[in-house]
Structure formats: structure tokens, C-alpha cells
Amino acid sequence: MAEFHQAEAKVESIVCPYCSEPKNSYWARENRFTAVKCSGCGLVYVNPRPKLSLINEAVKTGVHSDVDHGRTAISRRIGTKVTLYKKIIAHMFSDVWEKPRRISWLDVGAGYGELIEAVSALATPGSKIEGLEPMKPKADNARRRGLSIREDYLSAVREKYDFLSLINVFSHIPNFRDFLKDVKNVLNTNGEIFIETGNAGDLNNRRDVPTELDLPDHLVFAGEKHIIGYLTEVGFSIIKVKKMRKDGIISFFKSIIKKLLGRQIVLGIPYTSPFRSLLIRAKLQSV
Ligand SMILES: [Zn+2]
């Protein structure tokens with residue numbers, strides 16, 4: 001009984017972070033946490049979720065004390081990611097690279113700096129390409145390789161930027177509406193945001209997501225309409241939306257290996273999953 005009370009004190013029940021609807025239905029369970037689907041808007045979110053004080057600590061250290069089997073969010077720099085991001089950024093921002101001009105770009109949740117490397121390769125020399133990464137081991141690693149990465153939160157940034165990117169960061173953020181206020185504070189007039197996140201909130205069945213959910217590091221799973229809704233309600237206009245498959249042959253073989261290692265992977269037939277990585281570029285409209 002004492003144990004029950006202790007566990008209970010670490011979590012809190014919440015309403016839908018997007019539409020405030022209290023009703024929801026079971027969607028998935030992983031690492032002793034449950035993800036539910038909002039009955040109002042379809043958003044998928046961890047509920048009950050770890051209390052905010054615990055969430056912040058997890059982002060700082062990269063280690064979730066509540067996650068079992070010893071996995072942590074600290075991994076390593078992946079070179080092929082730089083190549084992939086370079087392709088994505090070249091395509092999504094083709095108009096920007098066409099005319100030579102110096103830009104400023106801030107990557108939030110920069111990890112090992114793969115996106116910063118990709119943007120630096122495309123941008124006009126003399127551009128300011130920087131990152132924020134609250135997890136010290138990752139930030140240290142990127143700095144050792146000469147990248148401009150600060151170990152800070154977005155709310156502490158005072159400079160302004162032309163572009164801000166959030167690559168697989170959305171799901172970690174407990175309240176995206178509050179977060180977008182900080183985003184707007186660091187963007188220049190007509191500044192742009194670039195978001196990459198999975199579309200699990202568009203899916204009715206957890207089995208359609210070909211990867212682990214990483215609960216409770218990942219707290220919220222949006223669909224396309226949620227991201228577009230969040231952005232447009234604070235004055236962004238959508239420039240480009242692209243959806244990228246994650247269930248090709250290479251991912252399939254990677255999943256088999258993970259499954260053999262005992263991880264919670266759902267194996268699907270390649271090129272059949274409705275899961276997509278959403279790539280959304282939006283511009284802040286000047287009022
Ligand atoms: Zn909702």
C-alpha cells in the first residue's frame with residue numbers, strides 16, 4: 001500500500017493538452033505508462049503522466065529513472081542522419097538556398113548536432129547556425145566537434161533568429177502552446193519554424209507505429225491537424241507539409257534486430273504502415 005502511494009505521488013492525471021477534453025480511450029502501454037487517445041480530437045498522450053518536476057529533470061539528464069530495463073535517451077551521433085537531413089532541408093527550403101544571403105538558424109533539441117551540420121552545409125558562408133541541447137552529454141559531444149551548441153532552454157534565449165527547427169522534439173514537450181510563446185519570442189519578423197514529428201495522433205491503432213513509443217520520454221503524439229492547429233492559432237501560416245515513410249526495407253531489418261534484442265517493436269510488412277514522419281514548414285505572419 002505504501003508503495004502504491006509513492007507511485008501515485010509521481011504522476012498526475014490530465015485532460016487533453018490540445019482540446020482540454022477530459023474523455024479518452026486506452027491506446028497503448030509501455031514502460032508501465034499508458035498512452036490514451038482523446039475522444040474529442042484524437043491526440044494521443046501519456047495519462048497519467050509524470051509530474052512536471054520529474055519531466056524537466058529527465059530532459060536535463062537524458063535519463064528517465066522511471067523507465068525500466070536500463071535504457072536511456074543518451075545514444076550517439078549518427079552520420080547518416082546528416083545526409084538525410086541535408087536532403088530534407090535542401091528540398092523543404094529550396095527557395096532559401098537559391099538566393100545567397102546570410103541567415104540565422106536555431107535548432108532546438110539539437111542532440112549531437114546532425115541538423116546543424118546539414119544546415120551549415122547548405123547555408124551561405126557567414127550564416128549563424130546554432131543549437132540548444134539541454135542534455136549535457138550530447139551538447140558536450142557536439143561542442144567537441146566544433147558545433148555551436150548551448151546547454152540551455154529556449155526560454156533563456158535572448159537573440160533572434162530567421163529560422164527555428166524542432167526535430168523530433170514535439171513529443172517531449174508537455175505544453176506545446178506555452179512552448180510556442182517562447183518560439184515566437186526568438187523569431188524575427190516573418191521568421192519560420194520547421195517541425196519534424198511522427199503522426200501517431202492520426203492513427204487509431206498502436207500497432208500501426210513501427211517503432212517503440214518511448215513512454216514517458218515521449219508524452220504527446222500529434223497528428224497533422226494538431227500541429228497545423230497549434231501553429232495557425234498563434235499566427236503562423238503553413239508553407240509546406242511533407243510526409244515521409246519510415247517503414248522501408250532498411251527500417252524493417254533494423255526492427256528485426258531490435259526485436260531480437262527484446263525491444264517492444266511491432267514488426268510490419270514494409271511499405272504498408274500508415275505511420276509517417278510529418279515535416280512542416282510555417283512562417284510567422286507579421287501583424
Ligand atoms: Zn483533444
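How many bridges join strand S7 to strand S8, and do the two strands run parallel or antiparallel? In this predicted model, S7 and S8, the latter spanning residues 149–150, are joined by two bridges and run parallel. Within that pairing, Gly131 is the residue that stands opposite Ile149 in S8. This short pairing is a convenient place to enter the structure, and the rest of the sheet can be followed from there.

The chain as a whole has nine helices and 13 strands, and of its 287 residues 36% count as buried. Among the contacts between residues at least 6 apart in sequence, 70% join residues that are at least 24 apart.

The sheet that contains S7 and S8 is an open one of seven strands, in the order S8-S7-S6-S9-S10-S13-S12, and its pairing is mixed. Its edge strands are S8 and S12, each of which pairs on one side only. As background, the strands of a sheet pair through backbone hydrogen bonds, either parallel or antiparallel.

Moving inward from S8, the reader comes to the pairing of S7 (residues 128–132) with S6 (residues 104–108), which is parallel and extends over five bridges. Two positions help to locate this pairing in the model: Ser104 stands opposite Lys128 in S7, and Leu106 has Glu130 as its bridge partner in S7. The connection between these strands involves helix H5 (residues 114–122), since S6, H5 and S7 make a right-handed β-α-β unit. H5 lies across S6, S7 and strand S9 (161–167), and it runs at about 170° to S7.

The loop between H5 and S7 is the place of Pro125. Is Pro125 buried or exposed? With 7 other C-beta atoms within 10 Å, Pro125 is exposed, given that a residue counts as exposed when 12 or fewer such atoms lie within that distance. Pro125 and Arg101 are 24 residues apart in sequence, and their C-alpha atoms are 8.6 Å apart in space.

On the other side of S6 comes S9, which is joined to S6 by four bridges and runs parallel to it; here Trp105 stands opposite Phe163 in S9. S9 also pairs with S10 in the parallel sense, over six bridges, and in that pairing Leu166 has Ile195 in S10 as its bridge partner. A second right-handed β-α-β unit is made by S9, H7 and S10. Six of the seven residues of S9 are buried, so this strand is largely enclosed by the rest of the structure.

S9 also leads to the largest nonpolar core, which has 64 residues, and those touching the most other members are Ala35, Leu43, Tyr45, Val119, Phe170, Ile193 and Val220. S9 gives the most to this core, contributing five residues. In soluble globular proteins, nonpolar side chains tend to be buried together. Ala35 touches Trp27, Ala28, Val44, Tyr45, Val46, Leu213 and Leu215, when residues up to four places away in sequence are not counted.

Tyr45 and Val220, both among the core residues just named, also belong to the account of another sheet. Four strands form an open sheet in the order S2-S3-S4-S11, and here the pairing is antiparallel. Strand S2 (24–30) and strand S11 (220–221) stand at the edges with a single partner strand each, so one side of each is left without a neighbour in the sheet. S11 is joined by two bridges to strand S4 (residues 44–46), and the two run antiparallel; in this pairing Tyr45 stands opposite Val220 in S11.

The last element to consider is helix H8 (residues 224–233), whose buried residues are His226, Ile227, Tyr230 and Leu231. These residues cover an arc of only 125° around the axis, which puts them on the same side of H8. What do the buried residues of H8 pack against? They pack against helix H7 (176–185) and against three strands, S10 (187–198), S12 (236–245) and S13 (276–284). Those three strands belong to the seven-stranded sheet, in which S12 is an edge strand. H8 is followed by Gly235, a residue whose phi is positive, near 100°.

Conventions: Residues numbered from 1 in each chain as written. Predicted model: local features only at pLDDT ≥ 70, side-chain atom pairs only at ≥ 80, totals over all residues. Buried ≥ 20, exposed ≤ 12 C-beta atoms within 10 Å, placed from the backbone. Arc of directions from axis to C-beta. Contact = placed C-beta atoms within 7 Å. Pairing = 2+ DSSP bridges. Right-handed = clockwise from strand over helix to strand, strands pointing away. Axes fitted to C-alpha atoms, helices over the stretch in contact; angles between N-to-C directions. Core = buried A, V, L, I, M, F, W, Y, C linked by C-beta atoms within 7 Å.
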